[in-house]
Amino acid sequence: MLDRIRIVLIGTSHPGNIGAVARAMHNMGLADLALVAPRCEPLTSESISRASGADHIVHAARRVETLEEAVADCTLAVGASARSRTLPWPMITPRVLGERLPQELSAPEARVALVFGREDSGLSNAELQRCHAHVHIPTNPDFSSLNLAAAVQVLAYECRLAWLAADGGAGEQEEETHQPLASHAELENYFSHLERTLIAIGFHDPAMPRQLMARLRRFTLRARPERMELNILRGILSATEKCAPGKSDES
Ligand code: SAH
């Protein structure tokens with residue numbers, strides 16, 4: 001899914017922003033970058049340094065003269081806009097954009113373009129009117145314009161979240177290391193050991209229990225401890241018992 005999402009930058013004037021966009025894209029697993037009539041040389045020492053290792057995306061970026069060329073093969077184009085325009089247009093939030101992507105991209109030939117404007121003047125009305133919908137990142141209304149790469153980062157993150165939720169990333173997510181959980185019997189042995197120790201050190205008085213053991217049980221069970229973790233706790237109890245006044249070290 002992510003390989004069919006294109007980031008389109010129109011009239012970018014700072015090479016550093018192009019590099020930072022490449023970095024944001026690569027961080028989120030996007031790779032398809034199109035530069036429409038850039039107003040700077042995209043590949044400079046500054047763009048490469050801001051790309052921080054993602055400059056292959058700038059090298060591979062397609063350079064075209066018009067928005068039409070950049071999105072010709074796209075089935076959905078969404079324009080990112082920092083402010084509301086005179087002519088109302090379908091407006092979606094970044095989250096809704098993400099949620100729509102799996103459906104939009106369900107056909108193998110489908111392609112989505114996210115279109116970003118110039119640092120100084122954004123997207124023109126004509127460009128916005130070439131987009132199916134507009135997306136606005138909710139911001140402080142008194143200061144609504146994000147840096148270009150920051151705007152790309154937010155939308156690319158929503159794309160990635162949607163992709164992960166759609167299970168696309170199942171194979172890519174880090175394997176959680178599953179340690180065996182403590183069994184019921186191991187937990188009961190631990191609770192007996194805990195109670196014995198708390199009595200031995202004078203912390204717990206079985207004649208005045210005040211729900212102490214119940215609370216400690218609830219706390220421990222909520223944590224779903226692993227066997228290894230319980231072994232550590234039992235080790236601590238054994239060591240504590242040894243320090244208890246006049247107490248043997250049976251466990
Ligand atoms: N000064 C310009 C904004 C330039 S920011 C203006 O007033 O329109 C460069 C680009 O980043 C914008 O064209 C837009 O594509 C994107 N962007 C910045 N802030 C955004 C926001 N809050 N929501 C959506 N896109 C935003």
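The shell around the ligand in this predicted model is made up, by class, of nine nonpolar, eight polar and five charged residues. In total, 22 residues surround the ligand, and the closest of these are Ala80, Arg83, Ile137, Ser144 and Leu146. The space that the ligand takes up is the largest pocket.

Backbone atoms of several residues lie at short range from polar atoms of the ligand, within the 3.5 Å cut-off applied to polar contacts. A backbone N or O atom of Ala80, a residue also listed among the closest to the ligand, is found 2.6 Å from a ligand oxygen atom, and a backbone N or O atom of Gly117 is placed 3.1 Å from an oxygen atom of the ligand. For Asp120, the ligand atom concerned is a nitrogen, which lies 3.4 Å from a backbone N or O atom of that residue. Taken alone, the ligand exposes 540 Å², of which the protein buries 93%.

The strands of the model include an open sheet of seven, arranged in the order β3-β2-β1-β6-β4-β7-β5 with parallel pairing. Strands β3 (62–64) and β5 (91–92) stand at the edges of this sheet and have a single partner strand each, so that one side of each is left without a neighbour in the sheet. In general, the strands of a sheet pair through backbone hydrogen bonds, in either a parallel or an antiparallel manner. Within the sheet, strand β1 (residues 5–10) runs parallel to strand β6 (residues 112–116), to which it is joined by five bridges; Leu9 has Phe116 as its bridge partner in β6.

How values were computed. Residues numbered from 1 in each chain as written. Predicted model: local features only at pLDDT ≥ 70, side-chain atom pairs only at ≥ 80, totals over all residues. Heavy atoms only, no water. Near = heavy atom within 4 Å. Polar contact = N/O pair within 3.5 Å; in protein donor to acceptor, adjacent residues only side chain to side chain. Areas by Shrake-Rupley, 256 points an atom, 1.4 Å probe, with all protein chains shown as cover. 1 Å grid on protein atoms, 1.4 Å probe; cavity = no way out; pocket = protein on both sides within 12 Å on 5 of 7 lines; lining within 4 Å. Sits in = over half its atoms within 2 Å of the grid points. Nonpolar A, V, L, I, M, F, W, Y, C, P; charged D, E, K, R; others polar. Pairing = 2+ DSSP bridges. Helix = DSSP H or I, 4+ residues; strand = E, 2+ residues; numbered from the N terminus.
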